[in-house]
Structure formats: C-alpha cells, structure tokens
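User: I would like a close look at a single part of this model, namely the surface where protein and nucleic acid meet.

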2 protein chains.
Amino acid sequence: MTQAQILSRNQQIVLDIIEKAKGPLKAYSILFNVQKKGINAPQQIYRALDKLIEMGKIHKIESKNAFVACRISDCEISNATAFSICESCEKVDEISDAKLSKYLSSFNHKKGMKFKRFNLEFFGLCKKCK
Amino acid sequence: MTQAQILSRNQQIVLDIIEKAKGPLKAYSILFNVQKKGINAPQQIYRALDKLIEMGKIHKIESKNAFVACRISDCEISNATAFSICESCEKVDEISDAKLSKYLSSFNHKKGMKFKRFNLEFFGLCKKCK
DNA sequence: TAACAAAGTGTTATAATATAACATTTATTA
DNA sequence: TAATAAATGTTATATTATAACACTTTGTTA
C-alpha cells in the first residue's frame, strides 16, 4: 500500500493550481498566480515543480516547457508517459494505454541500452479542431 | 525523386557543426563556435536551426534543448522521431526501428485525435555507462 | 532583363525559462 | 532534545528564445 504523500505548503499551492487548470501551465504563469499567496520567486515554483514531478503528481510537457497534473496513476513515479498535444488549441491529454505502455516499456534498443523511462509526445489536431 | 536541398550559408555552417559534433549541441554553444565565421547573434542560429529542423536535417532533443543531426532518413521531413538518451554520459542516439515507427504512426488516441507527428525519448544508461 | 516577390541576413533589444548560492525556518528521527 | 533532513525566502544571474526592423541576395515571371 502506498503511503499518501504529504505535501509541503508550497508544493500544495502549486499542485492545486496545476490541477485546476484546463491545460498545461508554464512556471512563470504559475508564479504570477500565486504571488497573492506570498510566493515571490521563480525558485520557489521550480522547487515545488521538481518535487511534484519526482512524486509523479505532475508531468512536464517537454515540447512546451509546461506542466500538467497527472490524471492517470496518482502517486506513482512516472517512468512511462505519453501525451497527445493539439497543435491548434494547445490541448494536452495524457494517454493511458496499457498496450502502448507495455510495448514501449519492453522496447530495447539494439545498441544495448536498457531504458528506465520514456516520454512520448504525439502532435496533431484534436477532435474539436479537426 | 526528392530534390537535394540547397542550404544557405548560415544554414550550412550550423549544420556542419552539428554534424561534426559527437553529441547534441545547444544553440548558444553553436553560436560561440561560429563567431569566428561572422555569425554574432542568437537569431541567426535559431533561424538556421528552424529551417534545418523543417528540412529534417536535424532534430531537437526536447528534454535537453539541444540539437542533433539526423543520421537516419536524410532530407526527409521528420514526423516520427525516437531517441535513446544516456542519463550518465548524455549520449544521444536516434532510434531507427521500422516496427516501432509503424506501431506509433498507426497509434490512434481513443479520444479521436489523429496524429501527424510524434517524438519519443527513452532514458537510461548506455552500454558504456552501465 | 527589369521588376517583383520570397528567402535569407545582420543587428539591437528584450522576453521567457531556469538555476546558483546562501541564510533561515520547519519537520523528522535518533 | 539535539542532530539532521527537508523546505523556505531571497537576491542575483545564467540560459534559452523571440521581436522588430533595415537591408541584401536569390528566384520567378511578365
């Protein structure tokens, strides 16, 4: 049984904002949103983001330098992430597909590398934007 | 038959450096390397990088904000990229695996998104670093 | 081939993203 | 409760990327 993680004050504030957001949030946009709560410096945001990522509570969308809440496997360390990204409306969805995940997790590069983790980003147009 | 692309002066300079490099290069490291050739501003680098990416000559490693030459399908627009990244020595290899590529290219998100492009980054330890 | 359009260049300035370093406080655990 | 680990607050700065504008080169077509 996995112990529910206790978050520090700043971590909780940052996570709340990311969870409430409809799409990926950028670090500085989070910062501007929490200045009323007494968080004033980028460091404070980035530190919280780092921890939340470590805990698997959020993910970074690398192609956008932005952060989304994990909707899939709460409280798991995320070593297998996949996202669909709409190039028009910027909507991002986390993809939870057991087959895909299994396929990629067991994929081994011929050149002898054993993988610990992967991140996959699909780009296209979402249903709405099509 | 695909017409061999003619590169502009700056594009060629930037591509040469990336092709000669053993690993991924960052934009500003490219800049410092070409100042002797009269390129002085980030813009000039980023413009060349953008075009080279469009042409499929290079790829961006999103998790590293760095650029590598395409060793796989020269002169093709790259809508299906996969890389293995060593977390210890930072070595990056482009993965060319027909099965993997086919599998991912035909993957469709249940929620109705049709993908145009994907980028996959695997992380682990390379043979040497293991 | 002149004239127009498209692509590329050079430059200055600045925006956006991220980390270093250090002093202090809070929480945990031995 | 002392020692240690984790988190915080703060200032400064490094790194990555784009905006805007004037100019030049290249390619196209009338």
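Which side chain has an N or O atom 2.5 Å from a base nitrogen of DNA strand D? Please set the answer in the context of the surrounding surface.

Analyst: The side chain is that of A:Arg47: one of its N or O atoms lies 2.5 Å from a base nitrogen of DNA strand D. The model is a predicted one.

A:Arg47 is also among the residues that come nearest to DNA strand D, together with A:Gln44, B:Lys26, B:Gln43 and B:Lys60, out of 18 residues around the strand. Of the atoms of DNA strand D that come within 4 Å of the protein, 44% belong to sugar and phosphate. Two contacts of chain A involve phosphate oxygens: an N or O atom in the side chain of A:Ser8 is 2.8 Å from one phosphate oxygen, and a polar backbone atom of A:Asn10 is 2.9 Å from a phosphate oxygen. In terms of residue class, the surface near DNA strand D comprises 8 polar, 6 charged and 4 nonpolar residues.

Three helices each contribute at least two residues to this surface: H1 (9-20) and H3 (42-55) of chain A, and H3 (42-55) of chain B. Within chain A, the axes of H1(A) and H3(A) come within 9 Å and cross at roughly 75°; H1(A) is therefore roughly perpendicular to H3(A). Where these two helices meet, H1(A) provides A:Asn10, A:Gln11, A:Val14, A:Leu15 and A:Ile18, while H3(A) provides A:Gln44, A:Ile45, A:Ala48, A:Leu49, A:Lys51, A:Leu52 and A:Met55. The residues of this contact comprise 8 nonpolar, 3 polar and 1 charged. A:Asn10 thus appears in the contact between the helices and has a backbone atom 2.9 Å from a phosphate oxygen of DNA strand D.

Methods. Residues numbered from 1 in each chain as written. Chains lettered and ligands numbered in written order. Predicted model: local features only at pLDDT ≥ 70, side-chain atom pairs only at ≥ 80, totals over all residues. Heavy atoms only, no water. Near = heavy atom within 4 Å. Polar contact = N/O pair within 3.5 Å; in protein donor to acceptor, adjacent residues only side chain to side chain. Helix = DSSP H or I, 4+ residues; strand = E, 2+ residues; numbered from the N terminus. Nonpolar A, V, L, I, M, F, W, Y, C, P; charged D, E, K, R; others polar. Axes fitted to C-alpha atoms, helices over the stretch in contact; angles between N-to-C directions. Parallel < 35°, antiparallel > 145°, perpendicular 65-115°, else oblique. Contact = heavy atoms within 4.5 Å.
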